[in-house]
Amino acid sequence: MERIYLDNAATTKIDPEVLEAMQPYMYEYFGNPSSIHGHGREVRSAIEKSRKTIADLLNTSPSEIFFTSGGTEADNTALYCSIHQKNIKKVLTSRVEHHAVLHPLQHLEKTGKIQLNYAELNDKGEVEMSFLKQWLEDNPESLVSLMHANNEIGNLLDIEEVSWLCKQHKAVFHSDTVQTMGHYVHNLQEIKAQHIVGSAHKFHGPKGVGFLYINGDHKIHPFMHGGAQERNMRGGTENVYGIIGLAKAMEIAYRDMEAHRNHIEGLKERMIKGLSKAIDGVQFNGQSGDTDKSLYTVLNVRLPENDMSEMLLFNLDIKGISASGGSACSSGTNVGSHVIAELNIQENRPNVRFSFSKYNTVEDIDAAITAVVEMYSVKQD
Ligand code: PLP
């Protein structure tokens, strides 16, 4: 049985073009980029070329891009360094953020460093803009951390509008852009954020590498102390082939973005239609059923309860379908999601997140629909 992978918000399959670009840096070009001899210099030059590729795609300067071990490190660096070094006392986030944001902020709150506030959400899990405006008026010069898109329910935030609001109120704005990076265009001349982040494995790059954008006017000191790498912002020998793969993956993502978006959006719509037609009472969590208001890569399905529903993900897995109950940490199990818990849903119904990539086909979607339908009563027309 060939397995079908529908958990692309957890991670994606590496693109062969990316792999090809990385390979020489695993063997042939092995110098330490900090070494000043020829072996080092050729690798240093490849890293700087990668930084420029990413900066150009984001319409910003290479001096504002810092390579990290992924989204979690980028989020932690941005939050800890900005809060500590700018002496920020009031922070606004939301209860549906990824744990890479929620846990560092809750740690800072627990240790008495900040007063942590949560934005009001509507019943779809979206931030109430009127609340945000009022909060910023009452708490200028604070820090706001709101994700561009939710990894479980796909809700999109108007990142540009929020960035301008924060700017008006002299608040530092950090946005976890892990789920939109490589899937949407980020123009950093329009998005007035101090920090955005990227993680290569979410857009067909390698795992364990990402980047943090730090706006040039927002000076912070390192999180990771050590050598002078990353212009003194992150000690430690660079993950060279990871960085090469990250830049290549970004390049491909931007090059083919429109075609991939059209393809993936079509798959998502097919699944929405297919499930709605076949299963009475199926619903879509957050805004994920609305392709204009959510990631085109994510569909979070709320199914009716039945005898099989407790073991839904397990049963899908047996049928060869890899999907998830929420974030990656709960893949394969149906443990409660902190995001779904915020949605004010009364019934205790099974939820499953299907997330799509350029490698998925119409046949994958139809097979997943069939697998779900087999567990549920088929609607009588
Ligand atoms: N933020 C969001 C929204 C994510 O979906 C993830 C990955 O699951 C992360 C942060 C963490 O990124 P990484 O796996 O690169 O540490």
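**Domains and empty spaces in a predicted model**

Q: How far apart do the C-alpha centres of domain 1 and domain 2 lie?

A: In this predicted model, the C-alpha centres of domain 1 and domain 2 are 27 Å apart. The contact between them draws 31 residues from domain 1 and 35 residues from domain 2.

Q: Which residues does the domain assignment give to domain 1 and to domain 2?

A: The assignment places 4-12 + 257-373 of the protein chain in domain 1, and 16-255 in domain 2.

Q: What area is buried between domain 1 and domain 2, and how many salt bridges and polar contacts cross the interface?

A: About 2,800 Å² is buried between the two domains, and carbon and sulfur atoms give 53% of that area. The rule finds 0 salt bridges across this interface, but 20 residue pairs are in polar contact there, both residues at pLDDT 80 or more.

Q: How is empty space in a structure located, and how many cavities of 30 Å³ or more are there here?

A: The general idea is to roll a probe the size of a water molecule over the atoms, which shows where empty space is left. In this structure the count comes to 3 cavities of 30 Å³ or more. The largest cavity has a volume of about 130 Å³. Its lining has 15 residues, of which Gly182, His204, Ala253, His260 and Lys358 are the closest to its centre.

Q: What is the volume of the second largest pocket, and which residues lie closest to its centre?

A: The second largest pocket holds about 330 Å³ of space. Among its 18 lining residues, Lys167, Lys192, Gln194, Asn215 and Asp217 are the closest to the centre. The lining divides into 7 nonpolar, 5 polar and 6 charged residues.

Conventions: Residues are numbered from 1 along each chain as its sequence is written. This is a predicted model: local features need pLDDT of at least 70, side-chain atom pairs count only at pLDDT 80 or more; totals for chains, interfaces and linings use all residues. Side-chain values use heavy atoms; hydrogens and water are left out. On a 1 Å grid over the protein atoms alone, a cavity is a set of points where a 1.4 Å probe fits but cannot get out, and a pocket is an open set with protein on both sides within 12 Å along at least five of seven lines; lining residues have an atom within 4 Å of a point. Grid points are joined across faces, edges and corners, and a volume is the space filled by probe spheres set on the points. Ala, Val, Leu, Ile, Met, Phe, Trp, Tyr, Cys and Pro count as nonpolar, Asp, Glu, Lys and Arg as charged, and the others, Gly among them, as polar. Domain bounds come from an automatic or database domain assignment. Contact means heavy atoms within 4.5 Å. Buried area is the accessible area (1.4 Å probe) that two parts lose on being put together, summed over both. A salt bridge is a side-chain nitrogen of Lys or Arg within 4 Å of a carboxyl oxygen of Asp or Glu. A polar contact is a pair of N or O atoms within 3.5 Å; within protein, one must be able to donate a hydrogen and the other to accept it, and residues adjacent in sequence count only if both atoms are side-chain atoms.
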